[in-house]
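Trainee: Could you take a close look at one part of this model with me? I'd like to see how a single residue and its helix sit in the fold.

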Amino acid sequence: MTFYINARQRDSYTSLGSSLEKCIQQHERYWSELVFICIGTDRITGDSLGPYVGYRLSGCPMLHRHIYGTLTHPIHALNLEQAMDEITSHHPHGLYVAIDASLGTKKHLGFVTVSNGALHPGAGVQKDLPPVGHIAITGIVGASGWMDHLALQTTRLSTVVNMADMITKGILYTLFLLGYDLPSEDFCGPLPEPALSQNLCRAVAAFTDEEIL
């Protein structure tokens, strides 16, 4: 199953969170922990979506040891296999959620997809890399065509930041739906969303209001 979520719509993170929760529930409970693998490089604007999501998620203490791929320590084509060896060694019973930027059709620009099955990094730019994860989240940051590398290089930073923040909030919402006890001490300022617990509101607000470096 594949879900398409328009990242520009209000409260789109709740749709993403619900979609991710449905994908997780499709997996038998052989796994003992969720692990998020954020793929991409900060050297190319469009390809920095994954590392930026990793950077945002790493600010949540309960997820800190389950996030791989950040702006400081990105996972990309050159170190992907080594990173996956490390991840599978440390989390042999983890359910892996892979996050990456992608290219797509013009009508899906600005959409985020959530699907069961492995993510195939580099497929949009004709790179042959091993598949990653049990569940894939992709943000469509540009239109595919004959100059795919240029599409990634000329993606607006605001597009990446806004989409990454939505994905981050969506993942927090998924954790809420799964019954995780989100910390409250490290976050502040609840959002006006009555359907969410106070802790989740604080967590989401922190990712919304935190100063972007």
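Mentor: Sure. Quick bit of vocabulary: a helix here is a DSSP run of H or I at least four residues long, and helices are numbered from the N terminus. Keep in mind that this is a predicted model.

With that in hand, take T168, which lies in helix α5, residues 157-177. Is T168 buried or exposed? Its relative accessible area is 0%, and buried means under 20%, so T168 counts as buried. As for what its side chain finds there, it reaches the backbone oxygen of A164 at 2.8 Å.

Now the helix that packs on α5. Helix α1 (residues 12-25) and α5 have their axes 7 Å apart and meet at an angle of about 50 degrees. The two are therefore oblique to each other, and α1 passes α5 in a right-handed crossing. On the α1 side, the contact involves S12, Y13, T14, L16, G17, S18, L20, E21 and I24, while α5 brings M166, I167, K169, G170, I171, Y173, T174 and L177. Sorted by class, that contact has 9 nonpolar, 6 polar and 2 charged residues.

Zooming out, the chain has 6 helices and 6 strands, and along the sequence they run β-α-β-α-β-α-β-β-β-α-α-α. Of its 213 residues, 51% count as buried. And if you're curious about contact range: among contacts with a separation of 6 or more, 70% come from residues 24 or more positions apart.

Notes: Residues are numbered from 1 along each chain as its sequence is written. This is a predicted model: local features need pLDDT of at least 70, side-chain atom pairs count only at pLDDT 80 or more; totals for chains, interfaces and linings use all residues. Side-chain values use heavy atoms; hydrogens and water are left out. Buried means under 20% relative accessible area, exposed over 50%, partly exposed in between (1.4 Å probe, protein chains only). A polar contact is a pair of N or O atoms within 3.5 Å; within protein, one must be able to donate a hydrogen and the other to accept it, and residues adjacent in sequence count only if both atoms are side-chain atoms. Axes are lines fitted to C-alpha atoms, for helices over the stretch in contact, and angles run from 0 to 180 degrees between N-to-C directions. Angles under 35 degrees count as roughly parallel, over 145 as roughly antiparallel, 65 to 115 as roughly perpendicular and the rest as oblique. A crossing is left-handed if the near helix is turned anticlockwise from the far one by less than a right angle, and right-handed if clockwise. Contact means heavy atoms within 4.5 Å. Ala, Val, Leu, Ile, Met, Phe, Trp, Tyr, Cys and Pro count as nonpolar, Asp, Glu, Lys and Arg as charged, and the others, Gly among them, as polar.
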